[in-house]
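Please look over the sequence and the structure shown here before reading on. The paragraphs that follow go from one part to the next, and it may help to find each residue as it is named.

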Amino acid sequence: MSSHEPKTTQEKIRDIGICLFCLFIVVPLVSFIIIYTTWSMTIPDHSGPNYSPPSLEQSAHVATATASPASGHMIYMAQCASCHGDSGDGKGTRVLDRPARSFKAGGFSFGDTQEAIARVVRSGIPGTPMPGFARTLSPAQIKAVVSHVQSLGPERVQVDEADAVLTVEDKPVVVRGKLPEHYIGMGEIPRGLVAGNPDGLSFVYRGDDVRLLGTRQGAFVRRTDWDGRGGTALDLQGRLIHLVPDVPVFEHDGRPIQAKLAGTDVGGRRAAIHYKVGSTDITEEAGAVTMGPLAGYQRRMQISGGGDVLLRMPAWRTGGLERIGPAGAWTWWQEPAFDGRMHFVGVRGAQPLQCGGLQLPRRGTVEIRVFPDSPIEEAAKAGIPVKQAVST
Amino acid sequence: MIAALLVIACSIGVADESRYYTVQSYTPPEGEVLEVGGLVFLPDGTLAAGTRRGRVWLIDDPDAHDPTVCAFTMHAEGLWEGLGLNQIDGDVLVLQRTELSRLRDHDGDRVAEHIETIADDWGLTDNYHEFAFGLPRDDEGNLYFSLNLAFINPEWWHGQSNAPWRGWLMRLTPEGEVEPVAPGFRSPAGVGIDAEGRVIVTDNQGDWMASSPIYAVTPGAFHGHPASLRWTEGWPDVDTHPENKIPPDVRRLPPAIWIPYDWSRSTGNVAVDATRGDFGPFDDQLFVAELTNGMVLRAELEDIHGVTQGAIWPFRRNVGSVCRVAFSPEGNLVLGLTNRGWGGLAPGHGLRRIDWTGETPMEMLHCRAVPGGFDIEFTRPVEGDIDVSQVTARDYDYHWWWEYGSPEQRHRELDVHAARLSHDRKHLQVRIDGLEAGRVVRMKLEGITGKGGHELLHPEVAYTLNVKPGEGLSLPVAKSAAQPEARISETDAGWLRLTWGDPWDRFVEQSAPWRLGKAALDPVNAARYATTPGHDLLINDGPGGDDLVIPNALMPGTLSASVWLPVRGSAGVSLPGGGALVIMDRSIVQALDGGDEVQVEQAAGMLEVRDASGTVLASSDEQWMGPGQWHRLEIDLTPSGIDAIRLQDNTIVGNVSLPGEGRGDLRLLGAHAPAGFADVRLKPKHPAPVSGEPMSMAGGVVSGTVDVDVDGRSVYLSGGTGDLHLADALGPKCTIAFKTRFQPMAMGWIDLGGTRVLLGESPGGGPMTGSIEGHDEVRAGLVADRSWAHMSIELTPHVASRLVTVRIAGLPVASAIVPADSVSGPLRVGHKSETGWVALSDLSIVE
């Protein structure tokens with residue numbers, strides 16, 4: 001079988017498969033995340049769209065069938081050995097003005113991952129005698145020959161999956177890394193922080209403006225960037241229980257102002273995030289909290305050296321927050337969630353303003369509590385460690 | 001025990017090196033994959049190692065005789081990489097991808113619970129390749145770090161700067177401000193400060209980086225990769241991809257050292273030997289980490305006429321994928337290894353140490369440029385005499401272009417005419433004829449032994465000669481080059497390459513004194529060419545001579561050519577209506593030795609558009625970079641004249657009226673000498689002047705073993721030999737119009753009933769598209785492989801015969817008079833090749 005452009009039916013099928021995959025898996029999955037942003041304790045984790053596109057499986061099957069080591073070796077001998085040598089030592093029979101790569105030594109200009117080598121095989125290296133094979137070899141054949149090329153070199157570092165899964169045990173852990181897409185269409189977030197506490201909650205912050213993006217419960221983080229050249233996003237493993245709407249958080253003199261990260265601390269019971277808003281220094285700790293029948297989380301902000309800083313409660317911007325009145329030192333609101341249910345949001349220590357903000361004190365402590373619309377029994381059923389939570 | 005084994009293991013591979021320098025390994029905690037990205041020694045002697053897995057380890061007593069017993073303590077985790085380390089008051093400073101942080105251990109348990117963000121004022125996108133490297137401190141307390149470019153498909157090795165300061169060297173001032181220092185970097189994995197206080201940056205071979213360079217950074221200067229220029233003041237906002245072209249009006253600082261490709265392909269950082277003899281005799285020299293080849297190199301810089309340049313040698317091979325080097329308090333060289341995703345010699349991770357055994361190897365201690373050659377100093381007195389034949393030298397330079405790396409260009413074997421040993425037998429004067437600035441000189445010393453019977457351990461040195469001592473002219477080793485072939489064939493569909501393949505094909509009317517060669521400026525007299533055999537350039541080094549004519553090649557569309565001139569050279573191109581475009585070098589020169597020696601003082605040039613009478617209609621002196629530089633010229637022709645003329649992608653002349661309806665012969669003017677052209681090409685505005693209703697390709701009868709695939713209005717033929725029947729009969733006067741493309745080595749044809757018009761290549765691999773087989777051959781490589789080209793075959797009755805005219809994109813390329821019955825049908829498309837394919841699309845027959 002020759003492989004030229006029109007003979008890419010498999011590719012087309014695969015592309016269609018990917019489209020279907022996006023349509024039936026990714027979109028519902030993302031919607032799923034968005035819809036169940038609340039602490040929805042009744043929703044079993046494993047439920048979700050149940051679809052397996054047959055064309056995707058079919059194309060994967062084809063790829064596996066042709067990518068046997070034997071065929072990789074045969075393709076290598078036919079296409080590569082004349083320059084790179086039968087054994088991959090870079091000493092082929094063809095005379096080149098730049099020596100061909102020795103695979104034995106393990107050096108690869110563009111990296112030694114399957115993807116990186118496949119790209120070189122597909123596209124070649126312009127300015128060198130290395131041609132591209134995109135039109136002479138099928139994707140499955142390229143995969144096979146890349147595996148063979150890798151097998152010629154020294155053993156590669158394999159990431160132990162268990163190593164890359166980070167857990168929080170008796171001490172908090174803060175992880176820096178790229179965040180996966182958080183709001184649909186907004187793309188990945190290059191600078192991210194995830195603070196995990198022993199109480200099972202983790203808090204996801206954007207690094208650029210130290211904005212809390214969401215609160216998660218359960219497993220912590222898996223690093224995907226310990227493979228290949230790195231630079232890939234963290235795999236946030238916990239369940240999203242509260243997605244914070246994407247609006248500017250702080251204002252100063254009536255204008256949005258970005259907080260700047262000043263550091264993180266894991267010396268205490270909970271992870272602390274230090275940041276500056278203008279001349280105001282804030283240290284924020286967040287963790288689980290219960291109050292009567294409610295389970296939720298609390299952010300405690302210690303403020304010093306303050307100026308006139310306003311904290312926007314995100315939902316106020318959209319006008320959706322309904323004040324249900326003060327109770328003791330607390331002021332309470334209802335915040336409508338994406339699924340139509342209501343979170344309870346309480347604030348203590350800051351002055352609520354008519355314009356939809358909290359006037360932060362120049363010095364002191366502000367606490368914000370968020371309780372999703374669920375009774376504590378459900379929290380317990382869902383495995384939320386209510387015993388470790390702070391009670392009022 | 002393990003250490004002893006390792007020493008033995010190393011000694012098997014490189015017995016000579018290990019006699020002087022041993023390599024041992026530290027033992028990380030069980031299961032820990034130590035992918036080292038940064039090293040620093042703390043005031044108490046503890047070694048801190050940052051890893052790509054975002055951990056910082058403290059290693060106690062790193063100079064212990066047996067490094068396998070050194071204790072490791074995890075100081076911090078959860079960071080995003082750590083490709084540069086330093087310390088302040090005993091606290092580790094770590095450069096993460098996202099921020100520069102200080103690790104504070106408040107409670108003294110050696111675990112830094114507080115990660116203080118010191119700086120994060122630089123841009124970062126979601127691209128995987130935006131590493132940050134560092135982190136040396138200068139005497140004023142500035143911390144230096146570099147920001148990698150993004151690599152994005154489809155030209156994924158081609159760096160882009162998509163957020164501020166990517167591709168820049170940066171610094172954090174003692175006041176806490178992050179400042180950009182200099183642009184022009186690609187993947188600058190090593191940042192250091194040398195003994196003279198120079199800021200050193202190493203970069204990695206790739207686009208715009210011919211090989212791996214070592215820079216002595218000049219703040220504010222441009223260092224070679226254009227992507228980062230978009231963040232320079234005054235750069236146009238709309239020009240977001242400066243990496244695609246040679247930047248205008250930007251002076252380029254050449255690297256102090258180009259490391260030969262066979263020595264370094266992924267350069268890491270540098271460490272200065274300030275051990276005062278504890279590591280051997282190499283005081284103040286640079287030790288350079290090299291990942292791919294798994295070795296450490298040694299380098300030495302010197303300033304000549306204000307230009308930094310220097311020598312480099314291999315130092316210790318087979319040490320593993322070393323990315324980081326640092327000298328320990330006791331003067332040992334600690335190596336940090338990693339190769340994940342980058343590829344490099346095993347071992348690919350871990351921490352090692354090179355110790356000096358105390359025995360001084362016979363090495364070239366220094367290699368310094370002097371007028372007429374080099375002075376080499378050895379570490380030991382030479383035993384016996386040195387004959388001049390024991391010293392050989394060659395030199396070369398590179399292309400500066402956006403392709404991945406550059407093969408060495410313009411190789412010369414140099415004539416070593418003297419090699420004199422000093423009285424103390426430690427200094428060797430090497431004198432070489434014809435040395436030129438802007439080249440890398442490789443010298444090899446053979447059969448040399450030092451006192452005590454020590455053979456010269458590393459007999460080869462590479463010296464980057466940016467400037468010759470005694471002469472102020474500095475030239476870059478990597479020279480601006482015409483676009484390489486690979487880019488053009490893949491991306492420039494629609495172009496007719498008029499001087500490709502065989503430019504002396506009869507398609508071009510050959511005229512003396514035009515010839516083909518490789519060109520360089522004569523090193524003595526920049527007004528002359530130094531030419532060698534090659535295929536780089538169409539050269540007319542006249543004087544006088546005829547024009548090189550490409551018939552009918554002026555037509556509405558874009559005409560493009562690379563132009564290369566010596567001092568005072570000029571090149572001309574004909575324009576419709578008898579006009580001409582002339583480019584002249586007008587550089588200010590310095591004439592020495594009665595005019596025999598001519599050197600450029602200031603580059604200048606002029607472009608003029610003249611009408612048939614010689615009257616200048618428009619002119620410009622912009623964008624000329626000087627003699628010996630490639631300039632890309634583009635002319636947009638319209639039926640009423642010239643729409644625009646661009647030099648280096650910048651419009652320098654617009655809107656000039658000319659008679660002639662935008663058509664005529666293209667002449668490269670021979671009277672204006674000396675001149676050089678390369679890659680003259682044409683993109684017609686109307687490539688398909690004739691077309692009718694496309695025929696269906698489905699259902700045609702296939703003969704032979706060829707595979708036929710129909711895809712809409714296109715048909716692909718591959719594998720085997722055979723043809724596809726398209727039509728039964730052809731009228732006496734008709735035009736067959738279609739699009740075609742082919743893979744290299746593919747042979748295809750259109751058969752008109754006996755007469756064949758060829759598509760693709762000849763059996764020997766040369767271009768043949770447009771040829772009328774047996775009658776009129778076109779070997780000019782007009783059409784880039786894989787890109788669609790419009791063709792037409794026109795049949796005209798001529799007595800009892802037929803005149804066949806073949807056009808590609810409207811340009812007539814071949815014609816023949818053939819018997820009528822050989823072109824009256826049936827019409828078939830055929831193919832013969834085991835591996836390639838030929839495609840035909842949008843076929844129509846217009847009566």
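Which residue takes a positive phi just after α5(A)? The residue is Gly124(A), whose phi is about 75°. Keep in mind throughout that this is a predicted model, so the predictor's own confidence in each residue, its pLDDT, has to be read together with the coordinates.

The helix that comes just before Gly124(A) is a good place to begin. Helix α5 of chain A covers residues 114–123, and its axis comes within 9 Å of the axis of helix α6, residues 139–152 of chain A, with the two crossing at roughly 120°. Because an angle of this kind falls outside the ranges that count as roughly parallel, roughly perpendicular or roughly antiparallel, α5(A) is described as oblique to α6(A). The crossing of α5(A) and α6(A) is right-handed. On the side of α5(A), the contact is made by Gln114(A), Ile117(A), Ala118(A), Val121(A) and Arg122(A), while α6(A) contributes Ile142(A), Lys143(A), Val145(A), Val146(A), Val149(A) and Gln150(A). Sorted by class, the contact of α5(A) with α6(A) has seven nonpolar, two polar and two charged residues. The buried residues of α5(A) are Ala116(A), Ile117(A), Arg119(A), Val120(A), Val121(A) and Ser123(A), and the buried residues of this helix pack against α6 of chain A.

How far can chain A be trusted as a whole? Its pLDDT averages 71, and 65% of the residues score at least 70. Over residues 1–69 of chain A the pLDDT stays under 50, and it also stays under 50 over residues 375–392 of chain A. Where pLDDT is low, the predicted coordinates should not be read in detail.

Chain B has a mean pLDDT of 88, and 91% of its residues reach 70 or more, although pLDDT stays under 50 over residues 1–15 and over residues 485–490 of chain B. Chain B contains three helices and 65 strands, and buried residues make up 55% of its 847 residues. Among the contacts in chain B with a separation of 6 or more, 62% are between residues 24 or more positions apart.

Thr46(B) gives an example of residues brought together from distant places in the sequence, for Thr46(B) and Pro329(B) are 283 residues apart in sequence and 9.3 Å apart in space, C-alpha to C-alpha. Thr46(B) lies in the loop between β2 (36–41) and β3 (47–51) of chain B, and it counts as buried because it has 22 C-beta neighbours inside 10 Å. Leaving aside residues up to four places away in sequence, Thr46(B) touches Leu58(B), Ile59(B) and Asp60(B).

Some details of the backbone of chain B also deserve a careful look. A cis peptide bond, with omega about 15°, joins Gly134(B) and Leu135(B), and Leu135(B) has its place in strand β10, residues 132–137. Another cis peptide bond joins Gly825(B) and Pro826(B), with omega about 0°, and Pro826(B) is found in the loop between β63 (811–819) and β64 (827–832). Arg568(B), a residue other than glycine, has a positive phi near 65°; with 16 C-beta neighbours inside 10 Å, Arg568(B) counts as partly exposed. Asp679(B) also has a positive phi, near 50°, but this residue is found in strand β53 and is buried, with 22 other C-beta atoms within 10 Å.

For the complex, the predictor gives an ipTM of 0.70 and a pTM of 0.66.

Conventions:
Residues numbered from 1 in each chain as written. Chains lettered and ligands numbered in written order. Predicted model: local features only at pLDDT ≥ 70, side-chain atom pairs only at ≥ 80, totals over all residues. pLDDT = per-residue confidence, 0-100. Contact = placed C-beta atoms within 7 Å. Helix = DSSP H or I, 4+ residues; strand = E, 2+ residues; numbered from the N terminus. Buried ≥ 20, exposed ≤ 12 C-beta atoms within 10 Å, placed from the backbone. Axes fitted to C-alpha atoms, helices over the stretch in contact; angles between N-to-C directions. Parallel < 35°, antiparallel > 145°, perpendicular 65-115°, else oblique. Left-handed = near helix turned anticlockwise from the far one by under 90°. Nonpolar A, V, L, I, M, F, W, Y, C, P; charged D, E, K, R; others polar.
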